[in-house]
Amino acid sequence: MVHRRSTESGVSIFGNQGALFGNAMTWWDHDTGSVWSQPIGEAILGPRKGEKLELLPSTLTTWEAWTKAHPDTLALDAPGRRSGFDLARMAVVVDLGTEAVAYSIPRLREVGVVNDVVAGHEVAVVIDPEDPNRWVAFSRRLDNEVVVLEIGPDGLFDVTTGTTFDPFLGLGLLGPLSDQNLGRLPAFTSFPDDYVTFFPGQRLWDG
Amino acid sequence: MFALIAGGFLVLFGALVLMSGGEADTTLHDDPRANSTVGTNVPVITDAPVASDPVDPGSVYDPVRAGEETPKTYRQLLGRDQIAPVYDPGFTTADDIEWDSEILVVGVEGASTSKAYPVSYLNRREMVIDHIDGDPILVTW
């Protein structure tokens with residue numbers, strides 16, 4: 001998960017609290033020592049209790065798929081090995097604050113794209129037809145339209161206007177809305193079992 | 001006493017930011033210490049002052065030790081930073097890193113920069129305290 005470290009209180013540095021809350025990791029902030037829960041990004045103990053960090057868009061993919069989309073990427077100067085984690089056993093979680101929904105990656109790979117509404121916001125979760133290891137959660141809201149996305153022979157397109165979009169970067173390519181881009185939404189990957197623990201009562205989409 | 005020292009440090013940091021024309025974060029106590037590395041023999045690139053911090057975990061308030069009532073599912077297993085976060089991440093280019101194409105990475109896009117973090121390393125260190133295009137971010141696994 002990727003969170004913004006700044007709030008209205010300023011920028012904070014976070015450390016590892018060494019504790020689990022609801023089976024998920026916790027952090028401490030160096031300013032007040034408050035304890036924060038990772039999945040909800042919220043302080044659960046200490047002076048900042050109730051304060052939240054903003055979840056930012058990020059993706060989990062293979063190094064090959066990432067560098068194809070981002071050849072100029074910076075790489076954390078650290079060893080990278082096979083991890084034992086497998087996208088085929090995970091879910092994409094779109095978390096818009098008041099609602100989070102998990103989408104099974106194997107099922108997403110079968111359908112290509114899911115159009116949904118999360119926390120009142122029109123979203124699409126897309127698997128790149130060129131690479132099943134690339135997924136992204138887009139907002140379906142453009143300037144004046146809400147698009148409905150499908151995967152066709154020419155890639156990702158809006159069924160109403162026929163506009164095509166880059167399925168990973170969201171850039172408008174061809175058609176009436178091609179001067180607009182699809183924006184990314186905050187999302188991360190999780191194991192379905194962990195998701196159910198971290199986000200009790202929330203929706204798990206499996207097609 | 002600690003507050004006084006920290007206050008003096010903040011003033012010094014402010015002066016350094018002004019002098020260097022650097023990022024004008026309203027940082028509470030980000031350390032302006034210059035680029036350092038995770039351990040490398042290739043050139044290191046950063047896009048912003050790196051967050052590193054000399055704070056001793058034991059010197060900061062701990063609500064659990066102080067006796068605040070913890071939620072039912074809270075379980076303290078280790079000490080603070082016993083799994084050491086990466087406070088001073090270093091970066092290199094895709095050409096200079098030797099990762100297998102199949103390894104999993106967490107990818108983040110800033111306005112003009114993108115960054116990749118290998119899952120195998122995140123799984124070991126759990127937290128990277130970083131910036132992207134000047135925005136302070138926290139990458140966790």
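Me: How many residues does each chain give to the contact between chain A and chain B?

Reply: The general idea comes before the count. The size of an interface is often given as the accessible area lost when the parts come together. Here the tally is by residue. Chain B gives 72 residues and chain A gives 56. Keep in mind that this is a predicted model.

Me: Which elements of chain B supply at least two residues to the side that touches chain A?

Reply: Go through the secondary structure of chain B. The strands are β1 (74-76), β2 (91-93), β3 (104-109), β4 (114-118), β5 (127-132) and β6 (135-140). Helix α2 (119-125) is listed with them. The largest share is 6 residues, from β6(B).

Me: What is the make-up of that side by class?

Reply: Sort the residues of chain B that touch chain A. There are 40 nonpolar, 20 polar and 12 charged residues.

Me: Which strand of chain A is joined to β4(B), and do the two run parallel or antiparallel?

Reply: Look for bridges across the chains. Strand β10 of chain A, residues 74-76, is joined to β4(B) by 2 bridges. The two strands run parallel. For a residue pair, find L74(A): opposite this residue stands K115(B), in β4(B).

Me: What domains does the assignment give for chain A?

Reply: Check the bounds for breaks. Domain 1 covers 2-55. Domain 2 is written as 63-71 + 88-205. Taken over C-alpha atoms, the centres of these two domains of chain A are 27 Å apart. Their contact takes 5 residues from domain 1 and 5 residues from domain 2. On the domain 1 side, 3 are nonpolar, 2 are polar and none is charged.

Definitions and conventions
Residues are numbered from 1 along each chain as its sequence is written. Chains are lettered from A and ligands numbered from 1 in the order in which they are written. This is a predicted model: local features need pLDDT of at least 70, side-chain atom pairs count only at pLDDT 80 or more; totals for chains, interfaces and linings use all residues. Two residues are in contact if their C-beta atoms, placed from the backbone, lie within 7 Å. Helices (H or I, at least four residues) and strands (E, at least two) are DSSP runs, numbered from the N terminus. Ala, Val, Leu, Ile, Met, Phe, Trp, Tyr, Cys and Pro count as nonpolar, Asp, Glu, Lys and Arg as charged, and the others, Gly among them, as polar. Two strands pair if DSSP finds at least two bridges between them. Domain bounds come from an automatic or database domain assignment.
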